[in-house]
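Q: Please take a close look at one part of this model, and describe the side-chain contacts there in plain terms. Then set that part in the context of the rest of the chain.

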Amino acid sequence: MLGETPMMLQYQEIKSQYRDAILFYRLGDFYEMFGPDALLASKILEIALTSREAGKGNRVPMCGVPYHSAENYIAKLLNKGYKVAICEQVEDPKECKGIVKREVIRIITPGTVLENNILEEKSNNFLVAVVCGKNAFGLAAVDISTGDFFATEIEKKQSLLNELLRYNPAECIISHKDRHDLEEILKLDGLLITEHLDYAFEFPYCEKILLDHFKVNSLQGLGCEQLPLAVVASGAVLDYLIINHKTQPKNIARLKIYHLRDSMFLDYTTKRNLELIQSLHTQERKDSLLGIIDFTVTALGGRMLKSWVEQPLIKKEQIETRLDTTAELYNKHDFRKKIRNLLNPIYDLERITARVSFGSATAKDLLSLKNSLELLPEIKRALSSGQTPFLLELMERLDPLDDIFLLLEKSLEPDPPFSLREGNLIKEGFNQEVDRLRSITKNGKQWILDLEQKEKEKTGIKSLKIGFNKVFGYYLEITKSNLHLTPEYYIRKQTLANAERFITPELKELEAQVLGADEKLKELEYQIFISIREKVKEHIPRILKTAKVLGELDCFASLAEAAVMNNFVRPEINEEGKFELIKCRHPVVEAKLEGKWFIPNDLYLDSERQRFLIITGPNMAGKSTYCRSIALTSILMQIGSFVPCEKANLSIVDRVFARIGASDDLSTGQSTFMVEMNEVANIVNNATQNSLIILDEVGRGTSTYDGLSIAWSLTEYINNKIK
């Protein structure tokens with residue numbers, strides 16, 4: 001027991017329902033924490049620990065944070081792996097007797113965050129669910145802040161680990177019965193594992209929750225009727241979101257079922273060695289391949305381009321479509337510049353709609369939405385001058401959302417306060433009652449002065465004045481020397497030593513209007529804003545479709561800009577298994593040289609006579625850089641980008657493997673040699689005749705002849721196996 005006061009009893013009752021979360025208990029303008037929560041949070045948040053009277057002379061530890069700046073404190077707790085339960089007052093203190101009713105309105109976990117200042121702008125924040133089957137795994141990944149929702153089934157545990165590392169989830173939910181089978185996943189650094197309720201992993205329940213959410217009659221409508229494990233993972237992760245947010249996530253409008261074979265396979269080791277997303281040394285995006293080609297001007301495009309780099313295409317028609325689109329924007333400087341200038345002011349529509357969906361969007365959010373929508377007609381007109389079929393397709397898919405823009409333009413004040421309870425939300429002319437109440441609050445004082453002047457003229461009492469106090473409200477005060485001039489309709493209210501105070505029906509009516517108008521105005525504006533937000537909520541699927549179009553357009557403009565800035569050329573695609581590169585460069589190394597001379601290299605490979613190259617040379621000769629540049633060129637081509645060559649003719653590959661450099665994993669007892677052998681085993685077991693393989697210094701850590709024997713045997717085995 002923390003205490004016996006009514007408030008502490010209420011706190012303990014609520015806390016008992018959320019034992020695994022730190023409870024933010026709303027008291028006035030603060031979120032307070034008590035007992036063990038306060039002791040823990042005060043250390044993590046570095047805030048003062050105080051105490052509060054808890055009844056019978058006992059005191060309980062207490063700390064608190066201002067509600068208006070709570071996001072920064074919540075972010076610190078989430079970064080440490082804790083959950084936060086937000087407990088708000090759910091009734092007006094003025095209208096209740098005794099303790100105000102409070103409820104937890106939301107549970108915030110690392111995988112269910114909506115707040116912008118906690119999220120990284122150009123990266124997704126995925127929550128994943130993993131389910132074990134007899135011969136496969138189910139995986140579902142959702143980013144509640146953008147509405148992205150993916151699911152698949154995976155046969156191999158190593159492939160599952162690669163997918164998890166690709167998503168880099170903030171949180172992973174599993175069932176208790178699967179914990180033992182997922183031990184390897186539980187060891188991933190920094191991954192928060194949450195055991196969700198057992199019933200949420202039952203197929204009938206998961207099927208129902210998916211059908212209800214997406215309003216379809218069967219799983220066939222979602223494309224997962226033959227994927228029971230994917231259904232369970234998807235249903236479980238959706239259930240977790242509903243429980244934590246206390247409402248249906250309306251911004252999740254689509255479930256995308258995919259298969260690993262749909263895109264180029266890149267395992268975690270390859271992505272790390274090639275530094276696709278972040279640098280091995282600085283861990284920063286800017287020193288990676290993505291950093292070199294990311295000229296996106298919107299968060300929408302930034303996140304999408306990252307997903308393109310992680311999942312290159314493998315179908316020629318799709319790659320050519322992207323290359324054609326990139327080429328038009330590359331060749332038309334003014335067109336590309338205009339598109340980028342129009343996209344630049346676009347706000348993060350996906351994350352704004354997420355906050356609309358969960359009822360946390362502010363007036364500033366809706367204004368950001370309005371300002372973005374205002375640009376859509378001009379973007380659509382700009383796209384009409386495009387010639388590439390895909391650009392014209394984007395134009396057709398771009399919904400200008402005129403009706404939503406018009407609603408927001410007519411209704412919202414251009415400079416509203418942050419709080420929705422402070423008024424000044426609704427534009428003049430949108431609602432007659434708002435205009436009337438606003439007029440009263442603005443003109444109330446003048447009305448009182450006008451009434452005072454009118455009564456002076458009617459009574460002939462020049463010293464008559466209207467005053468105000470909190471006990472009686474407004475009153476007419478007449479000195480005793482003028483009492484004989486007091487009209488009969490004046491009602492005596494108070495007698496003073498030198499004067500008497502009166503009221504009139506007209507004065508009381510005016511008082512009621514003036515004193516109640518401001519409060520009524522704020523409440524009415526709040527209610528109207530909520531109704532506007534609900535109307536926007538009805539159109540979330542439309543907004544999200546347009547957001548995807550804008551993201552795609554931003555990606556193509558970025559690839560075109562990157563080609564111009566980095567002197568890339570359009571590659572040709574062949575289907576004969578041939579690789580021919582003239583003066584190929586490593587784009588990241590070249591960029592780091594900052595204008596200094598990078599020596600390019602040529603390459604020729606084919607599937608018949610020259611399938612294998614051995615590169616030799618002294619240390620620091622650039623062998624690894626050469627190998628990496630070939631792999632990066634192949635990946636760039638298959639995301640639809642131009643490439644860092646003077647000329648390039650490439651065949652499509654289904655997988656890229658890169659075993660480069662020396663590293664150990666001593667925490668699991670693996671030496672440099674063992675890590676290398678595990679990576680090589682992965683290549684041997686998964687490479688196909690259409691794969692691109694880069695091996696750098698195989699056999700490191702052994703004697704000269706042992707290392708040579710290993711490299712020779714491995715090379716011969718792979719070469720024969722994948723013919």
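Contacts around a helix

A: Glutamate 511 lies in helix H19, which covers residues 505-537; helices here are DSSP runs of H or I with at least four residues, and strands are runs of E with at least two, both numbered from the N terminus. This is a predicted model, in which local features need pLDDT of at least 70 and side-chain atom pairs count only at pLDDT 80 or more, while totals for chains, interfaces and linings use all residues. Residues are numbered from 1 along each chain as its sequence is written, and side-chain values use heavy atoms, with hydrogens and water left out.

Glutamate 511 is buried, at a relative accessible area of 12% (buried is under 20%, exposed is over 50%, and partly exposed is in between, with a 1.4 Å probe and protein chains only). From helix H19, the side chain of glutamate 511 reaches the backbone nitrogen of tyrosine 474 at 2.6 Å.

Helix H19 also holds one partner of a salt bridge: glutamate 525 is joined to arginine 438, with the closest N and O atoms 2.9 Å apart (a salt bridge is a side-chain nitrogen of Lys or Arg within 4 Å of a carboxyl oxygen of Asp or Glu). Arginine 438 sits in helix H18 (residues 432-459) and glutamate 525 in helix H19, so this pair links distant parts of the chain, 87 residues apart. Both arginine 438 and glutamate 525 are buried.

A second pair can be set beside this one. Glutamate 500 forms a salt bridge with arginine 492, and here the closest N and O atoms are 2.4 Å apart. Glutamate 500 counts as buried, at 8% relative accessibility, whereas arginine 492 is exposed, with a relative accessible area of 52%.

A third salt bridge joins the side chains of glutamate 552 and arginine 397, at 2.5 Å from N to O. Because glutamate 552 belongs to helix H20 (residues 540-566) and arginine 397 to helix H16 (residues 389-397), the pair ties together parts that are 155 residues apart in sequence. Glutamate 552 counts as buried at 13% relative accessibility, and arginine 397 counts as partly exposed at 34%.

Salt bridges can also form networks. One network links Asp148, Arg303, Asp348, Glu350 and Lys548. Over the whole structure, a search finds 48 salt bridges.

Another glutamate can be followed in a similar way. Glutamate 183 is found in helix H5, residues 183-186. Glutamate 183 is partly exposed, with a relative accessible area of 42%. The side chain of glutamate 183 makes a polar contact of 3.4 Å with the side chain of histidine 180 (a pair of N or O atoms within 3.5 Å, one able to donate a hydrogen and the other to accept it).

The strands give a further piece of the picture. Four of them form an open sheet in the order S17-S20-S18-S19, with mixed pairing. Its edge strands, S17 (572-574) and S19 (601-605), each pair on one side only. Strands S17 and S20 (residues 647-651) pair in the parallel sense over three bridges, where pairing needs at least two DSSP bridges. Asparagine 574 has serine 651, in S20, as its bridge partner.

Finally, the whole protein. It has 24 helices and 22 strands. Its C-alpha trace spans about 120 × 65 × 55 Å along the principal axes. Of its 723 residues, 52% count as buried.
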